[in-house]
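Thank you all for coming. I would like to walk through one model this morning, beginning with how its helices pack and then turning to a few single residues.

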Amino acid sequence: MTTTDRAALPAEHSNGASPHPWWANAVVYQVYPRSFQDSNADGYGDLAGVISRLPHLAELGVDVLWLSPVFVSPQEDNGYDIADYRAIDPMFGTLADMDALIAAAHARGIKIVMDLVANHTSDEHAWFQASRAGDADYADFYWWEPAREGTVPGSPGAEPNDWGSMFGGSAWSYDEQRGEYYLHLFSPKQPDLNWENPRVRAAIFEMMNWWMDRGVDGFRMDVITLISKQLDPAGRLPGTPGSAIATLEAGPDGFSASVPFCADGPRLDEYLAQMRREVFAGREGFLTIGEAIGVGSARAGEITDPARGELDMLFLFDHTGIDQGGPGGKFSPAPWKVSDLRGVFERYERDTARHGWPALYFCNHDQPRVVSRWGDDSTPALRDRSAKALALLLHLHRGTPFIYQGEELGMTNAGYTSLVQYRDVESVNLYGQLVRDTGVLSHEEMMRGLAAMSRDNARTPMQWDDSAFAGFTSAQGAGPWIDVNDNYTELNAQAQRSDPDSVFSFYKRLIELRHTQPVVAIGDWQVVDPDAEVYAFTRSLGKEALLVVVNLSGEAAALPPASAALIGQPDPARVLIANDAADDVVAALRAGRLEPWSALTYRIAEEEMRDD
């Protein structure tokens, strides 16, 4: 849509819609504005900075810019706590700057998708202020409950139930002005909206229409699968006084999990279908993406089925949990196997094979850098090689790939060694809960966990060049809001842009393939060698077929038998894309081996597919 012509897709459908939606062969790029480009030397990225870097996105070839929140916010959760849905936070600029970004992006053929948080607002939002004051029009905009009978309001144990917040502590906070507790599945400054109230839904839909009319092309909806809570027949939340539904057993921190009762609730489909009708009916060229906490691939296939009229695609979390499971949750990283990752994607591809559509991602603002997580960043050469392997693996799956800023360069985890370097509310709060309050983890264990898994790993400033602060902000200004990764002097966009062997250039080729090769965009997906230590699958459409083989290891591996049979006599002319030269790929294949971090896509002959 930007620098590359996009091939017309054949009539055969792949997501249940006919004709194909425009995004079937598109690629989305996520911008986290506060860390992307600072234009006024205050240390925070802004909209003018994003506009100035649009040529980078155009050169890369992406079709959609997903913009993390820029609304007015107290920034408790870096903008995911919205205080005014119709105004731009001065940190990022003005509404006129937002209009200018929309126009500038559209002029380059890039669509704009805004990040919208509709499960909760900031406690500074006018709706919450009116609700806590008892205003009749807003009294039930949020979830309010009295203290438990016989307890002192605001004291431990007086909360309506024992749910824990995802950011640590109780999911309930006492409001002295109203004299009741309000529910917040995240920070106390992020009260949950009550979607059971039709006035809440109407207000959200009106706001979304306002932005669509202004020119945005859709929304990525944060934690949207939490908007419908499970209630008993009398409308009471689980575990609250008199409720017919009990909460789950509490963990070592004294709190129980809320997600089983709040994710994919009984009215979720109803709410999403209503949103589709009220906001998107009669519009064209839009995209809707949902962050799907508590939703698996089977449900994703239903929610993204075009016949149901809900969402276009969902971000699932199953693959992001394959390396977790210790006492500190994600901050206790665990070993993972290729079969774990392959199994997750196999289920997702299977459950959306004839209806629905996968959203493909490894990185975003909430996940650590994939090259540090599942690749090898121990040397620049291994970093680049494993970054390319992981990129090829993801982008050759069926679905829409998402690139997070800096992923196209192979940017790595932050490398922070001190707690004071972290800014993320989740990281800081859970350090207090897991180390100081409960002793679940030692200081050393938690620091290792933060270094591996903190969300701040993704939020270090974008590395544009080797000048001071990586070109993110002026050397004469306030300095960046969060420390720049020390490796920016050799890992940056300027160094990679003219290098045909760089990670950036490799991403450009992957995007071009999706634009120009329908088999890459919509071809059927089938796992190959399901028991092998390498990850292999085919893509096929009509008479075209591709074999993808990736060795996600620093050790050489044997070429699995089914993959070898499909390749037959290796031919360099059939190597579509790889992170080695075609002749080197063929030499390894003839020897029946895959080099460490080897990744290749190989055209399969028609007779080999028939034999298979």
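Before the first helix pair, a word on terms: axes are lines fitted to C-alpha atoms, for helices over the stretch in contact, and angles run from 0 to 180 degrees between N-to-C directions. Helices (H or I, at least four residues) and strands (E, at least two) are DSSP runs, numbered from the N terminus. Please keep in mind that this is a predicted model, in which local features need pLDDT of at least 70 and side-chain atom pairs count only at pLDDT 80 or more, while totals for chains, interfaces and linings use all residues. Residues are numbered from 1 along each chain as its sequence is written, and side-chain values use heavy atoms, with hydrogens and water left out.

With that in place, helix 3 (residues 95–107) packs on helix 5 (residues 198–214) at an angle of about 55 degrees, the axes being 11 Å apart. That makes helix 3 oblique to helix 5, given that angles under 35 degrees count as roughly parallel, over 145 as roughly antiparallel, 65 to 115 as roughly perpendicular and the rest as oblique. Helix 3 brings Leu95, Met98, Asp99 and Ile102 to the contact, and helix 5 brings Trp210, Trp211 and Arg214, where contact means heavy atoms within 4.5 Å. Sorted by class, the contact of helix 3 with helix 5 has 5 nonpolar, no polar and 2 charged residues; here Ala, Val, Leu, Ile, Met, Phe, Trp, Tyr, Cys and Pro count as nonpolar, Asp, Glu, Lys and Arg as charged, and the others, Gly among them, as polar.

The second pair is helix 11 (residues 380–395) with helix 15 (residues 503–516), which pack at an angle of about 10 degrees with their axes 10 Å apart, and helix 11 and helix 15 are therefore roughly parallel to each other. Their contact is made by Asp384, Ala387, Lys388, Ala391, Leu392 and His395 from helix 11, together with Val503, Phe506, Tyr507, Leu510 and Arg514 from helix 15. By class, the contact of helix 11 with helix 15 has 7 nonpolar, 1 polar and 3 charged residues.

Now to the single residues, starting with the backbone. Alanine 41, in the loop between strand 1 (28–31) and helix 1 (47–52), has a positive phi near 65 degrees although this residue is not a glycine. Is alanine 41 buried or exposed? Alanine 41 is partly exposed, at a relative accessible area of 26%, on a scale where buried means under 20% relative accessible area, exposed over 50% and partly exposed in between (1.4 Å probe, protein chains only). Valine 223, likewise not a glycine, has a positive phi of about 35 degrees; valine 223 lies in the loop between strand 9 (218–222) and helix 6 (259–262) and is buried, with a relative accessible area of 3%.

Two further loop residues deserve a look. Tryptophan 163, in the loop between strand 6 (144–145) and strand 7 (172–175), is buried at 0% relative accessibility, and the C-alpha atoms of tryptophan 163 and threonine 247 are 7.7 Å apart in space, with their positions 84 residues apart in sequence numbering. Leucine 559, in the loop between strand 17 (557–558) and helix 17 (561–567), is buried with a relative accessible area of 12%. Leaving aside neighbours within four places in sequence, leucine 559 is in contact with Ala564, Ile567, Leu589, Gly592, Arg593 and Leu594.

Finally, the cysteines: cysteine 262 is buried at 0% relative accessibility, and cysteine 363 is buried at 4%. Taking a disulfide as a pair of cysteine sulfur atoms within 2.5 Å, the count comes to 0 disulfides.
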